[in-house]
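Q: Could you give me a close look at one part of this model? Then work outwards from there, and keep the cut-offs handy so I can reproduce things.

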Amino acid sequence: MSEILRVTEVHKQFDGTRAVNGISFSVSPGEVFGLLGPNGAGKTTLIRMILGIFQPDQGSVNFSFALNGHLPKDKVGYLPEERGLYEDRKISDTLLYLASLKQVAPERARERALRWLERMELTKYFERRVRELSKGMQQKIQFIASVLHEPPFVVLDEPFSGLDPVNQDLFRDLILELKAKGTTVLLSSHQMNFVEDLCDRILLVNRGQAIVYGTLKEIKKTHGHDHVYLEFKGDGRFLQSDNRIKALQLKETHAQFVLAPGVSVSDFLKSLSSPLEIEQISIEKSPLHEIFVNLVKSTGAPSA
Amino acid sequence: MNMKTILSVAKWEFLQNIKSRRFLTTTVLIPMIILGFSSVGLWISSNSARVASDHSLFDRAALERILQRSGQLSSTDIELQLSIMIAIPSIFAFIFIWSSLFSVVMVLMGVVREKQSRVVELLLSSISPYQLMYGKILGFAGLGLVQVLVWIAIALALFLVFGPLLGVPAPLLVALVLTFMPWHIFFLYVFFFALGYLFIAALSAAMGATMGVEDVLSGQQLQSTLILMPMMLPLMLLAQIIENPNGALALILSLVPFTAPTTMMMRLAVEAQIPVPLWQIGLSLTILISCVYLAMKLAGKIFSVGILLYGKSATFSEMWTWLRR
């Protein structure tokens, strides 16, 4: 698999605190890559190293489009988690300025900015000042700033936070549009439902280290459980003695439980059919939310 | 180092600030203040000029020769001439200090505001901290230039309007000013001015990056006073410097980068009468240029670390560890 970004054994320390402690991963061109982790896990430090804002103490960050080991900063876009714009400046001036720092000619930047504002239904704010906008609108402007120069690689740090559900959906669509255009997206988010929707592969970090790294499917297979919901006729009490079953909630006509790790679903189903008349069954992998919580709990609270 | 992005930052700072209220008030209000000061200065200097001529510090014959070259003058005009001779460096020193003060405050506030709004995060994903800092310095140098030009224009206009009212014809005043401000001196003025400005601007940018947002908002701006106080020193010692322009005090002040620009402006104003040794001009410039270079480098380092720390102001020992990285 080709790579657009390869991060190798990066370390970063601040005043004795190890913010990032030997993380390696790679991102393929055109994918949406999820960077997950609890607050204080080292995500933002990692992102800053990827974008060349910080130099890693050890290890390396390599982009496929780097020139002599130098990252051309006009090839990356960034929506920082810590958001802010020049409060008393006009949207038009701000966007054109930020685009000029990415080497976009003013006429082109203007044309693209207007197109994006139209997409976001903010056209009439083009000549307004930033402080006249709501938080959500400012977030949209910042999103525009991060993609106005049409970079092949975009980092979106918590793009959904602070948005209402309608705008969250808008941002999800925007990310899918970026992906459709071939842009690689590094997405950091606490909204697990969106991560499940959007991400091809995931890196989970905690305490500055990689905990899990792989495709969503692989991660669910290795770290998820099979959640079973059963409706039946007959006596379900024998389920209580089945050691393949965990967290059983047994009722008169239905049961809810989790299969123990390593238990094959098909074997379990075969053994189930004889004593019970099954009316309905559903088996689902753990949601990412649960895997996230379990993995973070088992690896300890963030150090910072 | 990409020059284009530095220019983009400079252009942004220039265009955004030239329209700001703070720029307009300082550019228009300050001349009024200077006017007040310089009329006091003129009064003081006419006294010290009398003292000076009593001590025959100035070669009266030489002065008169200059006067004859510039036109027919009565001996009473010598007083006027001496006043102008002292007024010019005072005005320039004032302009320099006020325009530096303006820049120190604007650069500090600008940097701190970018930190506060976290725009800096966005900027640093596009450009290096060095580019950001140099762009800012360049942008504010442009603003400073506009300001100085406006002030000089106002000063000239006042000279030309009020001179005739006091009975001195305008052409004579121009001739007098040119006598004390020949082109080579003017060139040196510009040079000292620019270098001094860059030195101060670099320090302010670094200071701004190390200052915590809360500290600035709560008004603890001790740092800016630290930069500005030494700059004021030569102005307070104006009389001593002018009376003994080649003395030890003047020499020392000419070698310290904080005081060198203003001191040299004063010394160069009486150049026609008491020439400044060339080696001193050379040494002063060499030290100043080296210090500007050093300040730019060190400030860049401090700036690049400090700019991403949002909390409290950095201590000097913290800055020291950043410098050694």
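**The contact between the chains, and what surrounds it**

A: Across the interface of chain B and chain A, the rule turns up one salt bridge (a side-chain nitrogen of Lys or Arg within 4 Å of a carboxyl oxygen of Asp or Glu). Its partners are Arg48(A) and Glu121(B), whose side chains meet at 2.7 Å, N to O. Before going on, a caveat: this is a predicted model, where local features need pLDDT of at least 70, side-chain atom pairs count only at pLDDT 80 or more, and totals for chains, interfaces and linings use all residues. Side-chain values use heavy atoms, with hydrogens and water left out, residues are numbered from 1 along each chain as its sequence is written, and chains are lettered from A and ligands numbered from 1 in the order in which they are written.

Now the whole interface. On chain B, 22 residues are in contact with 24 residues of chain A (contact means heavy atoms within 4.5 Å). About 2,300 Å² is buried between the two chains, and carbon and sulfur atoms give 58% of it; buried area here is the accessible area (1.4 Å probe) that two parts lose on being put together, summed over both. On the chain B side, Trp12(B), Glu121(B) and Leu122(B) lose the most area to chain A, together 29% of what that side buries. So Glu121(B) shows up twice: in that trio and in the salt bridge with Arg48(A), going by the nitrogen-to-oxygen rule.

Next, chain A itself. Strands β2, β1 and β4 of chain A, in that order, make an open antiparallel sheet. Strands (E, at least two residues) and helices (H or I, at least four) are DSSP runs numbered from the N terminus, and two strands pair if DSSP finds at least two bridges between them. β2 (17-27) and β4 (58-63) of chain A are the edge strands, each pairing on one side only. On average, neighbouring strands here are turned by 20° against each other, direction ignored.

β1(A), residues 5-14, is joined to β2(A) by eight bridges and pairs with β4(A) over five, again antiparallel. Leu5(A) has a bridge partner on each of these strands: Val27(A) in β2(A) and Phe63(A) in β4(A). Arg6(A), for its part, stands opposite Ser26(A) in β2(A). β1(A) and β2(A) form a hairpin with two residues between them, and Asp15(A) in the turn has a positive phi of about 45°.

Helix α1 (residues 43-50) of chain A lies across β1, β2 and β4 of chain A, at about 120° to β1(A). Axes are lines fitted to C-alpha atoms, for helices over the stretch in contact, and angles run from 0 to 180 degrees between N-to-C directions.

Over in chain B, the helices pack on each other. The axes of α8 (residues 183-210) and α13 (residues 260-269) of chain B come within 9 Å and cross at roughly 170°, so α8(B) and α13(B) are roughly antiparallel (over 145 degrees counts as that, under 35 as roughly parallel, 65 to 115 as roughly perpendicular and the rest as oblique). Among the residues that meet are Phe192(B) and Phe193(B) from α8(B), with Met264(B) and Met265(B) from α13(B). That contact divides into 11 nonpolar residues, one polar and no charged; Ala, Val, Leu, Ile, Met, Phe, Trp, Tyr, Cys and Pro count as nonpolar, Asp, Glu, Lys and Arg as charged, and the others, Gly among them, as polar.

A second pair in chain B is α12 (residues 248-255) with α14 (residues 278-306), packed at about 30° with axes 8 Å apart. Leu251(B), Ser254(B) and Leu255(B) in α12(B) meet residues of α14(B) including Trp279(B) and Ile287(B). Five nonpolar, three polar and no charged residues make up this contact.
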